[in-house]
Structures are given as structure tokens and as C-alpha cells.
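Biologist: I should like to learn how to read a predicted assembly, feature by feature. Might we begin with the model on display?

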Amino acid sequence: MAQIKMHLLVCGGTGCRASESKRLVDELNAQLKANNLDEEVKVIITGCFGFCEKGPIVKVIPDNTFYTKVKPEDAEEIVEEHVLKGRKVTRLLYENPETKEHVSDSKHMGFYQKQVRIALRNCGFIDPENIEEYIVRDGYAALGKVLSMTPAEAIDIVKKSGLRGRGGAGFPTGLKWEIASKNKADQKYVVCNADEGDPGAFMDRSILEGDPNSIVEAMAICGYCIGATKGLIYIRAEYPLAIKRLQVAIGQAREFGLLGPKILGSDFDFDIELRYGAGAFVCGEETALIHSMEGKRGEPTIKPPFPAEAGYLGKPSNVNNVETFANIPAIFLKGWEWFSSIGTEKSKGTKVFALAGKINNVGLIEVPMGTTLREVIFEIGGGIKGGKKFKAVQTGGPSGGCLTEQHLDTPIDYDNLVAAGSMMGSGGMIVMDEDDCMVSVAKFYLDFIVEESCGKCAPCRIGNKRMHETLEKICQGKGTMEDLDYLDNLSKVIKDTALCGLGQTSPNPVLSTMQYFRDEYLAHVVDKKCPAGRCKALRSYVINADKCMGCTLCAKNCPTSAITGDKKVPHVIDQSKCIKCGTCYEKCKFGAIEIR
Amino acid sequence: MSNFKLQDCHKKQIKDICDSFNNEPGELINVLHKTQGVFGYLPEDVQREVAQNLNIPVAKVYGVVTFYSFFTMKPKGEHAISLCLGTACYVRGAELVLDEFKKQLGIEVGQVTPDGKFSLDCLRCVGACGLAPVVLIGDKVYGRLDPSKVKEILANY
Amino acid sequence: MELIKLTIDNTPVEVEKGTTIYQAAKKIGIKIPALCYMNLEHLGIENRPGGCRICVVEVAGRRNLAPSCSTSVMEGMVVKTNTPKVLNARKTVMELILSDHPKDCLICPSNGKCELQSLAATLGVREIHSVENAAMSTYRKDASPSLKRDMDKCIMCRRCETMCNEVQTVGALSAVNRGFMAVVAPAFEQDLVKSPCTFCGQCVAVCPTGALTEVDDTNKIIRALADPSKTVVVQTAPAVRAALGEEFGLEPGTRVTGKMAAALRRLGFAKVFDTDFAADLTIMEEGTELLDRISKFLKGDKSVKLPILTSCCPAWVNFFETNYPDMLDVPSSAKSPQQMFGAIAKTYFAGKMNVKREDLVVVSVMPCLAKKFECQRDEFKVNGNPDVDYSISTRELAHLIKMANIDFASLPEEDFDQPLGESTGAAVIFGTTGGVIEAAVRTAYEIFTGNKLNKIDFKELRGLEGIRTASIDFNGTMINIGIAHQLGNARKLLDGVRSGMYNFHAIEIMACPGGCVGGAGQPYHHGDSSIIEARHKALYKEDEEKTIRKSHENPYIIKLYEEFLGKPMSETAHHLLHTHYFDKHKV
């Protein structure tokens with residue numbers, strides 16, 4: 001067999017697959033074969049590179065060339081130019097948005113420069129469907145190391161590392177393990193929460209798609225530490241690719257004796273099963289998740305008892321999310337000292353964020369705790385799309401809040417985000433610009449919460465519905481000052497009284513926008529104006545008499561006959577008749593219709 | 001609600017699914033996933049049959065079916081259109097795209113076109129935020145949408 | 001037991017570890033308002049979903065408010081139950097609940113009995129912030145012969161769901177939908193009659209609002225009483241006399257047998273009879289059937305089914321027809337006392353009075369809602385005319401008395417009419433768990449052994465534990481008895497019989513907690529199970545005070561057999577007093 005001289009890594013994450021990366025792979029293979037290069041050059045489908053904005057991505061190893069937005073039609077040129085002749089295809093290289101220079105090596109791209117990849121360490125580097133590639137990169141070495149320690153010693157390392165849960169509130173992972181390990185039972189469970197439900201967050205899926213073995217390994221480590229022989233991964237049914245890759249990883253791990261009885265020759269038995277979610281955001285809450293795994297409605301129950309005491313089937317269960325587990329093998333391989341040297345005083349290590357919204361570099365990034373929002377948004381994220389003005393960044397999904405300009409230099413960690421009225425959540429980061437109406441954004445999140453509330457407790461079931469209705473009223477221009485007081489009181493009461501973590505944090509988007517964008521609320525309520533022009537009912541369409549040619553097109557199309565005027569004479573809109581449908585705005589060929 | 005008539009062959013299919021999970025009530029969600037996979041939706045009689053096999057009250061089955069948005073009691077269209085209304089898609093104008101789909105298809109969210117060809121639903125985040133706004137038709141993802149592209153996409157079907 | 005010290009509203013209190021804040025507060029006389037929480041401690045029934053969030057309190061050092069019903073005390077805890085923050089939270093949550101609740105309190109069947117209503121008053125809700133076009137969650141309404149569901153009034157306390165599933169294991173109801181539209185309903189929001197509902201009505205008994213109520217038949221009674229062509233007679237079940245007084249402000253456990261008879265007479269009933277008479281008759285038939293089966297069994301007859309199960313309770317009958325269709329030959333074929341009474345009234349009594357069947361209206365006053373369903377069953381009709389025309393609950397009777405301007409307190413004590421009004425102490429205790437089997441044992445013992453009982457009380461059969469067992473010495477033959485109340489316990493007992501874990505000769509089952517004293521037609525207990533216990537004790541007291549305490553000694557029963565039936569299980573008796581069961585399997 002010929003020696004492999006070159007690897008072409010093609011992103012096989014969901015985003016890039018949607019952009020036909022599968023056909024690109026077929027095309028690359030065909031071209032290689034046509035040039036008799038298929039023995040020497042290997043195309044590997046990897047997990048997500050993170051830089052989704054520029055997908056599909058092809059990375060060439062060993063020279064680290066990073067091609068962006070590659071189409072199947074480009075395969076021929078890549079093979080002929082780069083593979084055969086060693087000349088880079090410049091037009092496919094990343095272009096630095098400021099200098100307009102082409103950057104060939106990903107190491108020199110702003111998007112990657114500030115990143116430190118622990119949880120995402122293998123994503124984009126290995127074939128996630130081949131356990132050997134994981135093993136080559138020290139995979140399962142951490143498990144081997146842990147099996148030579150006592151569970152208490154291993155837990156101590158996790159505790160000392162300072163790792164906190166990456167799924168929401170940031171409970172110390174080592175402490176959680178310790179509690180579960182101390183509860184005696186004939187059967188315990190390790191549960192991986194892969195029910196990533198925050199809209200705009202996809203880090204867990206990327207990890208599962210790009211490096212499923214790291215989760216399998218970490219769960220086995222956890223099982224050893226807490227004395228569990230069974231692991232369950234609760235994963236969204238909407239993630240077919242992640243499910244498939246997990247199944248492959250679990251199957252291969254069994255073949256390699258890394259799951260099953262007597263792992264690595266020890267006395268430790270451990271195996272993993274998959275459980276599927278069915279579309280309920282609240283199942284991200286651990287008690288709800290456990291009920292869902294038991295085949296029940298995913299309603300949360302009051303804690304205590306905590307899952308560590310009575311979880312799945314009433315047995316002690318330790319629930320961690322995907323990203324938390326992904327950090328575990330690295331901590332054992334490189335030591336807790338190394339891990340805890342990264343980050344801030346109370347938040348150690350890194351955090352993966354899903355950057356999305358009005359930002360140039362949409363994608364998945366991993367940065368040390370303590371990185372500022374400015375670094376994330378402007379350096380890694382490449383700033384705001386279309387040169388617009390930054391307005392806010394929403395972190396933490398529906399449980400989080402909107403942060404503003406004044407927070408840009410705040411180092412990101414659990415406590416700072418909470419202090420600013422938001423939270424880490426699972427790490428969604430949605431950037432908004434001047435065109436976004438913050439009242440509408442708050443309404444958007446409430447809409448989500450209302451849709452996803454389980455309905456068990458009154459404050460969340462009814463309170464959020466009333467909040468949503470009130471915000472709708474405000475967006476319709478019918479809001480009053482009393483409505484603002486009502487929102488304020490309801491938010492606080494829901495925070496204080498809702499049953500589960502999701503309910504308790506559900507008012508955060510409203511509270512934070514009311515705090516930081518009160519002027520915008522007042523504009524809606526008092527002036528009946530939407531400064532961002534997003535709220536339809538608050539727009540007014542007027543005809544600029546200087547630009548109007550009197551062509552009558554707008555008048556003909558107006559569904560309510562609100563526009564009048566003679567031919568070749570500037571027209572006028574009767575505001576009392578106008579229903580703000582925007583038809584005139586779309587039809588006018590002269591740009592004479594303006595939104596005020 | 002539907003004209004579904006449970007035949008003996010359907011009973012056998014449901015029994016096989018339940019058997020494959022050892023008729024374990026705790027496997028209800030997995031059973032429903034498989035069953036919906038076979039029938040496309042979960043009509044009343046199918047739920048009764050599942051309850052019968054798992055030896056649990058059908059009220060429980062219905063309670064679970066109505067809790068999870070993935071389960072449906074209405075048949076979907078031949079091509080199921082799911083528009084992402086995640087935050088990333090929302091801030092990039094998914095609502096306008098949704099309006100256009102409604103206009104083109106003449107149906108509301110949750111409905112099926114009279115010819116049964118399309119159904120329209122919303123979902124929250126498929127994780128392709130880089131391509132926002134995104135729509136799924138069957139398994140195929142269409143990204144970087146704007147209202148002007150809707151007609152063209154539908155023409156493919 | 002480890003003790004925990006804490007302070008609640010500045011008062012120190014010491015309680016056992018594991019106690020909740022709510023219980024600890026109660027101990028020192030602080031009654032924290034609660035809505036979804038319900039603890040029937042005498043019966044081991046608890047509903048604690050933590051869903052209403054009304055019982056929240058402030059705990060020093062905690063970032064949010066704590067639900068006192070489900071937060072355990074901790075050493076040194078400082079709890080405040082009435083700070084401005086707490087009061088505002090409670091009131092706001094109550095406002096929210098009311099914002100999604102119909103405001104027709106004045107015409108609601110639960111008006112004046114509604115826990116939500118009285119709590120809203122306590123919390124001082126005076127206005128509900130109006131949001132334009134605020135949504136209301138509305139649902140399909142449903143009326144069965146026994147109960148009505150108007151889930152627009154549901155507040156998701158989940159008590160009914162707990163009763164139907166955990167306590168009764170009937171599984172007719174479940175939480176359905178999600179979020180704002182979440183509600184408790186049968187599958188597909190279908191009619192209860194299509195569900196496995198047994199009409200035990202325990203969902204009604206615990207509903208804090210007007211969402212679940214009984215079907216109100218009082219107007220039918222008023223019309224029948226006013227119809228000169230009809231002779232209207234009434235029978236009253238044993239448990240009614242121990243609870244009716246509560247509706248008139250009397251202490252729970254006050255027996256109002258005489259006043260009740262007086263009130264019924266004043267309402268215009270032609271004859272005021274007693275279901276207790278039929279209870280004695282039931283013992284004659286069921287006791288004979290029991291002895292018959294046991295004797296055959298002891299002689300080695302393998303075709304005999306043992307244990308024999310009581311069949312007085314209509315919800316229990318519905319339950320086994322739905323859940324144990326393979327065991328339909330196990331329960332006694334004896335009709336329930338209500339139906340035995342109806343059958344005798346419309347034959348023997350009608351004949352004596354020379355009244356045509358169609359012109360005789362039999363009304364029953366029952367502690368029960370399933371009786372409404374039972375009296376409408378086709379097998380209890382002759383040419384479409386039911387043996388019992390209408391069954392009303394204790395609550396409905398109280399309502400009738402009030403509507404008729406009768407001052408209950410000042411009524412004299414009166415007796416029942418004869419011949420269907422005489423009863424023994426054995427019949428009185430039918431109204432509580434263990435009572436039917438004790439009554440049966442008193443009679444069966446004397447017939448089986450031929451000896452007089454020295455001691456009439458069988459204390460080993462009494463109590464409020466959900467499942468009880470005892471062996472009674474029938475002169476050397478040990479008769480094993482099982483007793484269960486609440487259908488979940490019945491299920492356990494029956495499954496135990498099926499699996500061979502138990503070996504009983506006879507089993508008594510009552511569907512409701514505590515038996516009929518805890519029936520769904522009784523005055524609302526509002527979560528206070530001591531009320532049920534008080535009624536239970538009242539019935540044993542009434543038994544104790546009776547001169548005749550064994551059914552077979554009831555002179556009018558003896559006369560009934562002499563004049564009309566012949567002997568127990570005779571052909572006439574079989575025709576009138578026995579029934580058969582149907583496979584009604586449902587999921």
C-alpha cells in the first residue's frame with residue numbers, strides 16, 4: 001500500500017453537510033482517482049471546524065491550508081492545482097476582512113488565533129467514525145490512567161481542576177461526582193445530557209458529531225468514579241448525524257474492549273445506551289430529563305431529592321452535559337494544574353460558544369474563561385455584519401439576558417454573566433445590531449418559553465404567557481406605563497417562585513432588556529415608536545413628495561385604498577387607513593416611500 | 001381527527017415494536033418514536049394499541065404524545081417543511097421567510113396543503129446557524145434563505 | 001430520631017429531621033396557605049407536585065422563595081412566612097391563576113365550597129391586571145352519569161391525577177398537553193364513559209375548584225316530589241348519617257340519623273327508608289353465598305372460586321369489569337344494597353302499597369357518585385324502568401334541605417318508616433372499610449358454627465390501613481380474610497391473590513379512602529383526613545348503640561324472607577337480588 005502523503009479534511013458537520021459537503025467529498029475522491037492519487041491522498045470527513053460561516057471547509061494536512069466555501073465544482077481545481085502541483089488555490093483561501101489579504105494557514109486567522117481548544121480538541125482533526133484516529137490522539141489514555149487510581153483520587157483531580165458544569169448554572173463537577181459516589185446503591189447511572197435545546201446553540205452536537213469517543217471515554221471515567229456500570233446518553237432525536245456517530249463510537253469502543261465487561265483488563269464494567277428526546281426544551285433540566293428517560297412526560301420535580309440521591313429509576317444518577325464530559329479526558333491527560341491555570345479565579349478552563357446572529361464569523365469557538373466579549377465578538381467574530389453598529393449580545397439562550405456595549409470588556413465567566421443579569425447557559429451567543437428591536441427580542445424569547453413551558457407550575461405556565469401578551473401589546477403600540485410595572489413585578493415573582501431552573505430564569509431576557517434598553521421600551525409605550533423600525537404596527541409609511549413621480553403604482557396596489565393622488569402628482573398616504581402592510585414600499589420604483 | 005383504521009397488520013407491527021423493547025413501559029418514548037416512524041403519525045387507535053401492549057393506560061400515552069413536540073397526531077405532508085425559528089435564524093429574518101412559505105402554500109403552521117404534498121412546521125435550531133435562516137424539507141437543508149428564494153425552492157418538489 | 005431546630009416567623013421550633021417547613025409551621029399554629037398540596041395523613045395519601053407556588057416562604061440565605069410544602073427543615077433555618085415579598089409573590093401567583101380561570105363564581109357548582117375562591121379572599125386579591133386579548137385555556141366539556149368535567153376551571157393542582165393514578169390506579173386521567181394548555185384529562189380528551197373511569201369520584205372529592213363536580217340531580221327530585229301521580233320513597237346509605245351534619249356546621253363525626261329522617265319527611269318523601277335494611281339483606285345473600293362456596297371448597301369441590309369478593313361498591317365493580325375481565329366469576333353475585341333495596345321496593349313494597357312500578361319513584365341518598373352510574377345500568381331496569389330512579393349525594397341532600405327552607409338544627413329526631421327502615425348494627429358499619437366483612441362474619445359465624453357469638457366486635461377487621469388481613473376462627477376452621485380500601489390497594493391485594501401470595505376465603509373491597517365514609521358524594525374534606533376518621537368512628541358508635549347487631553336477627557328481614565323471598569339464594573332471591581358482570585376491558 002502506498003504511503004499516504006496528504007490528507008484532505010472535509011467538514012462533515014451538519015452546517016457544512018447542508019452546503020453539500022457530502023457531494024464535495026465524492027467529487028474530491030473522484031478527482032483523486034482520476035489522477036491516480038487515491039492511494040496517496042486520503043479524504044477524511046471530520047467533525048465541525050467551527051467556522052460555519054465559511055463552510056464547507058477543506059483543510060489540507062500537512063500544510064494546514066484552509067479552504068473556505070468550497071463547492072463540489074472546486075474539487076477538480078484543488079486536486080489539479082494543490083495536490084498535483086503544490087499551488088494553493090488562492091481564490092478559495094480565507095480573506096482577512098480588514099487587510100483583504102488571503103490567509104492560507106488557519107493558525108493565522110483571527111477566528112482561530114484567540115481560541116484554546118480543549119473540548120473541541122479533536123473536532124475537525126479526526127474522522128469521528130474511526131476510533132483508531134481518536135486513540136492515536138491519546139484517546140482512552142485518560143481512562144487507562146483513571147483505572148489505576150482509586151475513585152476518590154480521580155474525583156479529587158476533577159475537584160481540583162475547578163471544572164464546572166457547562167450546561168447551565170455551573171455546578172462544580174467534581175463535587176457532583178463526589179455526592180453521587182457517596183450514595184450507596186445496587187445500581188447507579190451516568191447520564192449524559194445531550195438534549196441541547198437552546199435555540200442558537202449547537203456546541204454539544206458539534207462535539208458529538210466531531211469527537212464522540214471523548215464523551216464515551218469521559219462517561220466511563222465518571223462511571224468508575226461514582227461506581228456506576230451503566231451510562232445513558234439522552235440525545236435529541238433531531239440530531240440524526242450525532243446519533244449515528246455515537247452509535248458507531250459505542251460499537252467500536254465495545255470491539256476494542258473500552259466498553260463492556262472488564263475494561264482494559266480491570267474489574268470495571270461499563271456500557272452505554274442511547275435514549276432519545278422528543279422535542280421538549282424543558283428536558284434539559286436534569287429531573288425532567290430523567291423522567292423523560294423513564295418514558296414519562298418531561299416535567300421537572302422539586303429538588304431535593306437530587307438525581308445524585310434518587311435519579312433514573314430512583315437510583316443515584318450523575319448528570320453532566322456533553323461539553324462538561326468533553327473536558328474530562330483532557331484534565332486527566334494534562335493534569336488538573338494545567339486545566340486550572342486556564343480561566344478566571346472561579347471559572348476554570350475554556351468555554352465553547354456558538355456565535356451567531358449579526359456577526360461576520362458565525363461559528364463555534366472555544367475560548368478561555370475570562371476572555372472579554374469584545375475579543376469574542378470583534379476579534380474572533382470579525383465584528384458586525386455589514387458594518388452595522390453593535391447593539392447587544394444575548395448569552396445563555398432563553399434563560400440568559402442581553403448584554404450591551406457597557407459589558408464588552410467584562411471578562412466572561414459564570415459569575416460575571418450572572419452579575420450582569422444574564423448567564424452562561426449552554427453558550428449560545430447571539431449578536432444583535434442597530435436594526436434589532438430589543439422589545440421584539442424579549443418577545444421572541446418569551447414566545448419560546450411559552451411554547452416550551454411544561455405547564456407544571458403556575459408562575460411559568462400562566463406568568464410567561466401574560467408577559468408575552470403584554471410584550472405583544474407593547475409592540476402593537478398599545479402598551480401603558482402600568483404594563484411596564486406589571487412586567488417588572490411578574491418577572492421578579494416568576495424568578496422567585498417558578499419550580500425549576502428554566503422557569504426561574506425565564507424572565508431574564510425581559511429583565512435585562514428592561515434594564516439596559518428602558519429607553520426603547522419607553523419609545524414603544526410613550527412615543528408609540530419602534531426605534532429599530534422592526535415592529536410593524538409602529539411603523540408609519542410616508543411618501544417623500546420630492547421623490548414621488550405620481551406613477552400611481554402604490555395607489556393601485558394599496559389593499560385599503562389609503563393612498564390618493566392624481567397622476568404625475570405626488571401621492572399621499574392616509575395614516576388612518578394605512579394597515580402598514582408595506583406593499584407600497586415594495587412596489588415603489590423610486591424609493592419615494594419612507595418608513596418612519 | 002383522522003380516518004385511520006387500525007388493521008390486524010398494523011396491530012402486528014405495533015406488537016413487534018413493543019416486543020422489541022420488551023413491552024417495558026419505561027421505553028414508551030422509544031416505542032412512540034419507532035411507531036411514528038412506521039405510521040408517519042400517531043392516531044388514536046395506534047396509541048390505544050401501544051397502551052395495550054405496554055399495559056399502561058392510554059391516558060398516559062396520550063399525555064406523553066401531547067407533551068413532546070416531535071410526536072404528532074396529524075399526518076404530515078409528503079414533503080414536511082420545517083422552518084428553523086431559532087434565535088440565529090430569527091435575527092436573520094426567518095419570520096419573513098415563514099410568511100412567504102405560508103403565502104406560497106396557502107396554509108398556516110401545523111397544516112398540510114389540501115393535496116397532501118406539503119406540511120409546514122417550525123422547529124428550534126437545527127444547528128446550522130452559519131446558514132441562517134434555514135429550512136428543512138424532508139432531510140434536505142436549505143440555508144441562507146430570503147423570501148425571494150421560497151418559490152424557487154418549492155418548485156423543486 | 002434526629003431533631004432540627006429552626007425559627008419560623010421569629011418563633012423557635014424543634015421538629016424531626018425530614019419535616020417540611022409547612023408541617024413545622026403548622027405545629028406552632030402557623031397555617032401557610034397552600035393550594036395544590038394535599039395530605040390525607042390518616043390514609044397515607046399525599047399530593048405534592050409543588051406546582052401552585054402559593055405556599056412559598058422566605059428562607060434566609062436562599063436566593064429565591066421556597067415552597068414550604070416540599071422544602072425540608074435544616075438546622076438553624078430562619079423562615080419568614082409573611083414578609084412583603086412573600087405576600088406579593090403569593091398574591092401575584094394567585095392573580096395569575098385567576099387570570100386563566102372563569103369568573104363565574106356566583107353560578108359555579110362549587111360556589112362557597114371552592115378552595116380557590118376562599119384562598120383568593122384570604123390573599124386579598126382585588127384586581128387582575130388586564131392584558132388585552134389575554135388567552136384563556138379552554139377545553140372540551142364532558143358529563144358522564146356521575147361526574148362533570150369543566151376543565152376551564154382546572155388549576156393544575158394534579159390532585160385528581162394523583163387520586164386516579166397513584167391512589168386508585170384507574171388511569172383514566174393524565175396530565176396532557178404542555179405549557180399554557182396543560183390540563184388533566186382522559187386520553188384524547190374523550191368522554192369519561194369511554195375511558196377506564198370507575199366513577200369513584202375521588203377526583204371530585206379532592207378538586208379544589210369547580211372543575212370536577214358531581215352531576216346535580218336535585219331538580220329531578222324536586223320535580224318527582226311535586227308530581228301527585230308518583231309515590232316517592234327514599235333510602236339513605238349508612239355513611240350519610242355520619243357526614244350530613246357537616247353541611248350544617250356540626251362537628252365531623254356527629255350522627256344525624258334522626259334529624260336526617262325528619263328532614264327527608266319534610267321534603268315530602270312518602271316513605272323514609274334505610275339502605276341499611278338492604279345491607280342486612282345483602283349479608284343474608286352474600287353471607288349465604290360465602291358459606292356455600294366455603295362449604296363446597298372444604299368438601300373438595302374444585303369448581304368453587306375462592307376467595308369470594310364483596311360487590312357492594314359500584315366503583316369496585318366497574319374497576320374489576322374493566323381491569324380483571326378474566327375474574328368475573330370471583331366476586332359475589334349479590335347486588336349492592338342500593339340495588340337490592342330498589343328491587344325489593346319495586347316488587348315487595350310496591351305490592352304491599354298497591355302502587356304500580358312506574359308510579360313508584362325510588363330515590364337513594366348516597367355518599368357516592370358511582371351510585372349514579374350504577375342505578376342507570378341496564379341490568380338494573382325492568383322494561384326500561386330502573387329499580388332505583390335517582391341517586392343523589394350527601395351534598396345534594398344537604399342542598400335540597402337548604403333549598404326547602406328546613407332549619408336542620410332545630411329538627412326533631414325521628415325514626416325511619418317500616419318495613420324497609422329497620423336495620424341492625426351490622427348494616428350501619430357497611431359505611432366504613434372492614435364493615436361489610438365484619439357484618440358478614442357475625443352472621444356467617446353463627447350459621448356456620450350454629451353457636452351464638454360471645455363477642456360481636458371483630459376489632460381485628462377494623463382500622464384505616466389500606467390493606468388488612470385477619471384469620472377468624474370459625475370453631476376450628478380458620479377463615480382468612482383480606483380487606484382493602486382504595487382501588488390501588490385492591491389491585492395489590494388481587495394481584496397478590498393471583499400470584500398465590502395470599503390465600504383468602506373472603507375479601508372486602510371498597511373503592512374510596514376509608515370506605516363509604518370517604519366517598520366522593522360526602523361533604524368536602526378539603527384535605528383534612530381527620531374528618532374521615534371521625535365519620536368512621538361515628539359508625540362504630542352507632543353500631544354499638546343498636547340493640548340488634550346481627551343482620552340475620554333483623555325482624556323485618558326475617559319477615560321479608562317468610563312473606564316474599566323464601567330463603568337466601570332462593571329462585572326469587574336470585575332473580576331480584578343477584579346480578580352478573582360484564583367484560584368491559586378498556587385501556
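Biologist: Which domains does the domain assignment of chain A give?

Modeller: Please keep in mind that this is a predicted model. The assignment for chain A lists five entries along the sequence: domain 1 (6–113), domain 2 (131–339), domain 3 (350–433), domain 4 (438–525) and domain 5 (539–595).

Biologist: What separates the centres of domain 2 of chain A and domain 4 of chain A, and how many residues are in contact?

Modeller: One reads a pair of domains by the separation of the centres and by the residues that touch. Over C-alpha atoms, the centres of domain 2 of chain A and domain 4 of chain A are 34 Å apart. The contact joins twelve residues of domain 2 of chain A to eight residues of domain 4 of chain A. On the domain 2 side, eight of these residues are nonpolar, two are polar and two are charged.

Biologist: How is chain C divided, and how many residues does each domain give to the contact?

Modeller: The assignment for chain C gives domain 1 (3–99) and domain 2 (283–335 + 422–577), the latter written as two segments. Their centres, again over C-alpha atoms, are separated by 42 Å. Eight residues of domain 1 of chain C and nine residues of domain 2 of chain C make up the contact. Strand E3 (residues 38–40) of chain C supplies three residues, the largest share of the domain 1 side. By class, that side of domain 1 of chain C has four nonpolar residues, three polar and one charged.

Biologist: How compact is chain C for a protein of 587 residues?

Modeller: The approach is to set the radius of gyration against a rule for globular proteins. Chain C contains 18 helices and 22 strands. Its radius of gyration is 25 Å, and the globule rule gives 25 Å for 587 residues, so chain C is as compact as a globular protein of that length. The C-alpha atoms of chain C occupy a box of roughly 75 × 60 × 50 Å along the principal axes, and 55% of the residues of chain C count as buried. Of the contacts in chain C between residues at least 6 apart in sequence, 74% join residues at least 24 apart.

Biologist: What pattern does chain B follow along the sequence?

Modeller: A pattern of this kind records the order of helices and strands. Chain B has seven helices and four strands, in the order α-α-α-α-β-α-α-β-β-β-α. Its C-alpha atoms fill a box of roughly 50 × 30 × 20 Å along the principal axes. Of its 157 residues, 44% count as buried.

Biologist: Which residues of helix H3 of chain B are buried, and what covers them?

Modeller: Helix H3 (residues 44–54) of chain B has Val46(B), Gln47(B), Glu49(B), Val50(B), Ala51(B) and Leu54(B) buried. The cover over these residues includes helix H1 (8–20), H2 and H4 of chain B. Just after H3(B), Asn55(B) adopts a positive phi of about 60°.

Biologist: Where in chain B is confidence lowest, and where is it highest?

Modeller: Where pLDDT is low, the predicted coordinates should not be read in detail. Chain B has an average pLDDT of 91, with 99% of the residues at 70 or above. Within chain B, H5(B) has the lowest confidence, with a mean of 83, and H4(B) the highest, at 98.

Biologist: How many residues do chain B and chain A give to the contact, and which elements of chain B take part?

Modeller: An interface is read from the residues of each side, then from the elements that carry them. Chain B gives 31 residues and chain A gives 36 residues. On the chain B side, helix H2 (28–39), helix H4 (58–65) and helix H5 (87–91) each give two or more residues. The chain B side comprises 19 nonpolar, ten polar and two charged residues.

Biologist: How many residues do chain C and chain B give to the contact?

Modeller: The contact takes 14 residues of chain C and 13 residues of chain B. On the chain C side, nine residues are nonpolar, four polar and one charged.

Biologist: Which residues have the most contacts inside the largest nonpolar core?

Modeller: In soluble globular proteins, nonpolar side chains tend to be buried together. Here the largest nonpolar core has 402 residues, and those with the most contacts inside it are Ile215(A), Met219(A), Ile221(A), Ala354(A), Val134(B) and Trp316(C). Leaving aside residues up to four places away in sequence, Ile221(A) touches Ala142(A), Leu143(A), Val146(A) and Ile328(A). A second, separate core of 13 residues includes Tyr541(A), Cys548(A), Cys554(A) and Ile563(A).

Terms used: Residues numbered from 1 in each chain as written. Chains lettered and ligands numbered in written order. Predicted model: local features only at pLDDT ≥ 70, side-chain atom pairs only at ≥ 80, totals over all residues. Contact = placed C-beta atoms within 7 Å. Nonpolar A, V, L, I, M, F, W, Y, C, P; charged D, E, K, R; others polar. Domains from an automatic or database assignment. Core = buried A, V, L, I, M, F, W, Y, C linked by C-beta atoms within 7 Å. Buried ≥ 20, exposed ≤ 12 C-beta atoms within 10 Å, placed from the backbone. Rg over C-alpha atoms; globule rule 2.2 N^0.38 Å. pLDDT = per-residue confidence, 0-100.
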